[in-house]
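User: I'd like to learn how to read sheets and salt bridges in a model like this one. Can you walk me through it?

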Amino acid sequence: MSLIAGSYEKFIWGFKLKTLKHEPSSQNLTLTPLFSYQSHLAHITSAAAAGPAAASGSADDTIHLYDLPSASSLGSLHQHTSSVTSVTFFTPPSLSFPRNLLSASADGSVCIFDTDPFVHLKTVLVHKKAVNDLSVHPSGKLALTVGRDECLAMLNLVRGRRSFYCRLGKEASLVKFDLGGERFFMVTEEKVGVHEAEDAKLVTEFECQKRVLSAAPGENGLLFTGGEDRSITAWDVNSGKVAYCIDDAHSARVKGIVVLMRNDSTVDDPYLLASASSDGVIRVWDVRMSMKEKPNPLAEANTKSRLTCLAGSSHNLKRPQMGAGCLKGDPDAAEGE
């Protein structure tokens, strides 16, 4: 598995999670540096990774692209005219490489790119104010966004247009689909709402101790959250109760969480997750250790910078031939619709 983290200092950090050769157990892991350099002209706001590709968005209005196998830059995208607030890849379940890149901006727009070879397909104006977060359904046919206009919106990625827009009455900072796409989660300050994906019906709501800054869905109906409480909490989304918690996981706010998937060929243990904090530290945990009074991380790296986001790729770092995206046809024609 590979991890990338962005920072306020404009630096991007890349790490490879490896098992020590003399210790094949997953209890002996190390984070090996892949790269670190100043990739943007302003602080990095978000990051995404899938297969061999990674991307970062910044307040400098650009998206920077990375090739993880060679630990090199692939250039940058300049379609946005204001700060990039969120980036995410869409990867079909049958593939280990992404087909599309989606990015959101402070001007309320969402850009859709084909990843072969990162061609801009369309820009859709979704919100009246900045987009806070973006999440793509596992089918790749739709995406959800939440914005500073206190609204929730749905994008039809087949047609490339907004298909749903409703006022929430309060600003949501995060939105995430679960792994199956049957439910989605919305974060508002310290509260997390669980909704049915079909009709947005509220299933349950739970409240964290302090403001939630990061969230990641896990298997078996779990949602992991982190934030100003400096802890990592696993919630049972069916009951709305805490399944387990790693207290004081970091010395500062938790800004990013990545759950290692079962199809990870590097680490066989499905109970691992990574977290990043504004204290500059990235840690890898075995969540089963949360039963202990003070669990210790399996691996750790200190970037000595103020980290803002974390993303991870659980697949083999290969360079396959990437296919077409959810929008097809001539990209210039798509923009003119």
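Analyst: Let's start with one residue: Asp133 is buried, at a relative accessible area of 5%. Here, buried means under 20% relative accessible area, exposed means over 50%, and partly exposed is in between, using a 1.4 Å probe and protein chains only. This is a predicted model, where local features need pLDDT of at least 70, side-chain atom pairs count only at pLDDT 80 or more, and totals for chains, interfaces and linings use all residues. Residues are numbered from 1 along each chain as its sequence is written, and side-chain values use heavy atoms, with hydrogens and water left out.

User: Which residue forms a salt bridge with Asp133?

Analyst: The general idea is that side chains of opposite charge can pair when their charged atoms come close. The rule used is a side-chain nitrogen of Lys or Arg within 4 Å of a carboxyl oxygen of Asp or Glu. For Asp133 the partner is Lys176, with the closest N and O atoms 3.5 Å apart. Asp133 sits in strand β12 (residues 131-136) and Lys176 in strand β16, so the pair ties together parts that are 43 residues apart in sequence. Lys176 counts as partly exposed, at 22% relative accessibility.

User: And how do I read the strand labels?

Analyst: They are DSSP runs numbered from the N terminus: strands are E with at least two residues, helices are H or I with at least four. Two strands pair if DSSP finds at least two bridges between them. In this case, β16 belongs to an open sheet of 4 strands in the order β16-β17-β18-β19, with antiparallel pairing. The edge strands, each pairing on one side only, are β16 (174-177) and β19 (202-207).

User: How many bridges join β17 to β18?

Analyst: There are 6, and the two strands run antiparallel. On the other pairings, β16 and β17 share 4 bridges, while β18 (residues 191-196) and β19 are joined by 5. For register, look at the partners: Leu174 is bridged to Val187 in β17, and Val194 stands opposite Thr204 in β19.

User: What about the turns?

Analyst: Check phi there. The hairpin of β16 and β17 has 5 residues between the strands, and Gly181 takes a positive phi near 80°. The β17 and β18 hairpin has 2 residues between its strands, with Glu189 in the turn at a positive phi of about 55°.

User: Is β17 mostly covered or open to solvent?

Analyst: Mostly covered: 6 of its 6 residues (183-188) are buried. Arg183, Phe185 and Val187 point one way, while Phe184, Met186 and Thr188 point the other way.

User: Arg183 carries a charge, so what does it pair with?

Analyst: Arg183 forms a salt bridge with Glu196, the closest N and O atoms being 4.0 Å apart. The two also stand opposite each other across β17 and β18, and they are 13 residues apart. Arg183 is buried at 18% relative accessible area, whereas Glu196 is partly exposed at 28%.

User: How many salt bridges are there by this rule?

Analyst: The count comes to 7. Another one of them joins Arg306 and Glu9, at 3.0 Å from N to O. Arg306 lies in the loop between β27 (299-302) and β28 (307-313), and Glu9 in the loop between β1 (2-7) and β2 (11-19), so this pair ties together parts that are 297 residues apart in sequence. Arg306 is partly exposed at 46%, and Glu9 is partly exposed at 30%.
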